[in-house]
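Hi everyone, thanks for making time today. Please have a look at the structure on the screen, and then I'll walk you through a few of its parts.

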Number of protein chains: 2
Amino acid sequence: MVNVNNKKIPASTISRLFVYLRELSELIKVNINTISSAELGERTNLSDAQVRKDLGYFGQFGVSGSGYNTQELKAALEKILGRDKTWNVAVVGAGHLGMALLTYPGFADHGLNIVAAFDSKAKKIDRKIGDVTISTIDDIEKIIKAKNISIAIIAVPAQSAQAVTEKLVEAGIECILNFAPAALAVPENVKVKDVDLSRELETLSYFLVNKKA
Amino acid sequence: MVNVNNKKIPASTISRLFVYLRELSELIKVNINTISSAELGERTNLSDAQVRKDLGYFGQFGVSGSGYNTQELKAALEKILGRDKTWNVAVVGAGHLGMALLTYPGFADHGLNIVAAFDSKAKKIDRKIGDVTISTIDDIEKIIKAKNISIAIIAVPAQSAQAVTEKLVEAGIECILNFAPAALAVPENVKVKDVDLSRELETLSYFLVNKKA
């Protein structure tokens, strides 16, 4: 939950705003200027009520009876979601997952620039991956401040995740994407998003049991 | 979309069924025996209407006025979603991302057993990662059939993804999780789920712009 104008906004609402934003971009590409909440719901596989509830947290967007202006709603959502800005990102842990993230294309398209990487193993330090040089974990605070980094990705083993988190929090990081299968303890002002890669596979099992013979 | 009893079920509905399933497991742990669609929506940050619409695709679960029996709904969802079964999985591509997936804990908890890995590079072949030995891509068909593999994860570079997909389809694979940033062409009976790791970071930018100063 995040507070906006003293209202608690569920994380799932925020995720859906990104879905609406992508859909609005598609609509604008094909010159559709207005859309109702029911149509937006239809296109995003959500109920009319859900769309209105999600957008309702942030004020009054549509004109009653004529729907939303796609350009205006897109601009409003980009501002709400911080998509009109870019952010500097650090990857902590340069093992398989960290290296995969460092070489993963597509972050830049989302306004996310990976500008630093850290590892504890001496043999990894000073290796260059694309434009990023791997630094020692001891330099976290110095580099995070010097490079104006706002988001950290944790890609270390579970047993190291809490110690790394504490270094990041000390360095002033308030936003963490956590790939380690560990529950991180953080102060109230720090936001952690846990990623479970196995969930990506979940919906496939549904397909397998329901496919036509 | 997947057809069930001639109804088209949106992929997003299936994703939400997994959310309901996790919530039902939590409720059962604390001995809650019945729950209304409104309460289930409240706990999963979805509207009452959304919950009823999603479950409505699969029949009549609740008793009007008294809500859903948590045990019964959980068992029904497990059956619908194939979570009462286990599936054998192959990882294609043993680069950074493939290795990260091969060593990622937690797949087994979701009924997913990684039993094979493939790579095109000679130096990777016959390396053992946990219980899995990396095989040459030329053996895809033989091993997929021998090991009764239902799901393939593509973790190869974009430019190799289509060729690998064709080998998998020839081997009878109908379910693919695709980490390569490439749009895969597959026959109609094959389900591809594309994963964009950068989306995991999306919601964090929202937090950054809305955090308290």
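Let's begin with a word we'll need: two strands pair if DSSP finds at least two bridges between them. The helices (H or I, at least four residues) and strands (E, at least two) are DSSP runs, numbered from the N terminus. Before we go on, this is a predicted model: local features need pLDDT of at least 70, side-chain atom pairs count only at pLDDT 80 or more, and totals for chains, interfaces and linings use all residues. Residues are numbered from 1 along each chain as its sequence is written, while chains are lettered from A and ligands numbered from 1 in the order in which they are written.

Now the sheet in chain B. Strand E5 (residues 87-92) and strand E6 (residues 112-119) of chain B run parallel, joined by 6 bridges. There, B:Val92 sits opposite B:Phe118 of E6(B). Zooming out, 7 strands of chain B make an open sheet with mixed pairing, in the order E7-E8-E6-E5-E9-E10-E11. Why is one side of E7 and of E11 in chain B left without a neighbour in the sheet? Both stand at the edges and each has a single partner strand, so one side stays free of a sheet neighbour.

What packs on this sheet? Helix H8 (residues 199-210) of chain A does, touching E5, E6, E9, E10 and E11 of chain B. Touching here means contact: C-beta atoms, placed from the backbone, lie within 7 Å. The direction of H8(A) makes about 165 degrees with that of E10(B). For such angles, axes are lines fitted to C-alpha atoms, for helices over the stretch in contact, and angles run from 0 to 180 degrees between N-to-C directions. Helix H7 (residues 158-170) of chain B packs on the sheet too, touching E5, E9 and E10 of chain B.

Over in chain A, 7 strands also form an open sheet, again mixed, ordered E7-E8-E6-E5-E9-E10-E11. Strands E6 and E8 of chain A pair in the parallel sense over 3 bridges, and A:Phe118 has A:Ser135 as its bridge partner in E8(A). H8(B) packs on this sheet, touching E5, E6, E9, E10 and E11 of chain A.

So how many residues of chain B are in contact with chain A? The count is 58, meeting 58 residues of chain A. On that side of chain B, H8(B) gives the most, with 11 residues.

Thanks for listening!

Key: Two residues are in contact if their C-beta atoms, placed from the backbone, lie within 7 Å.
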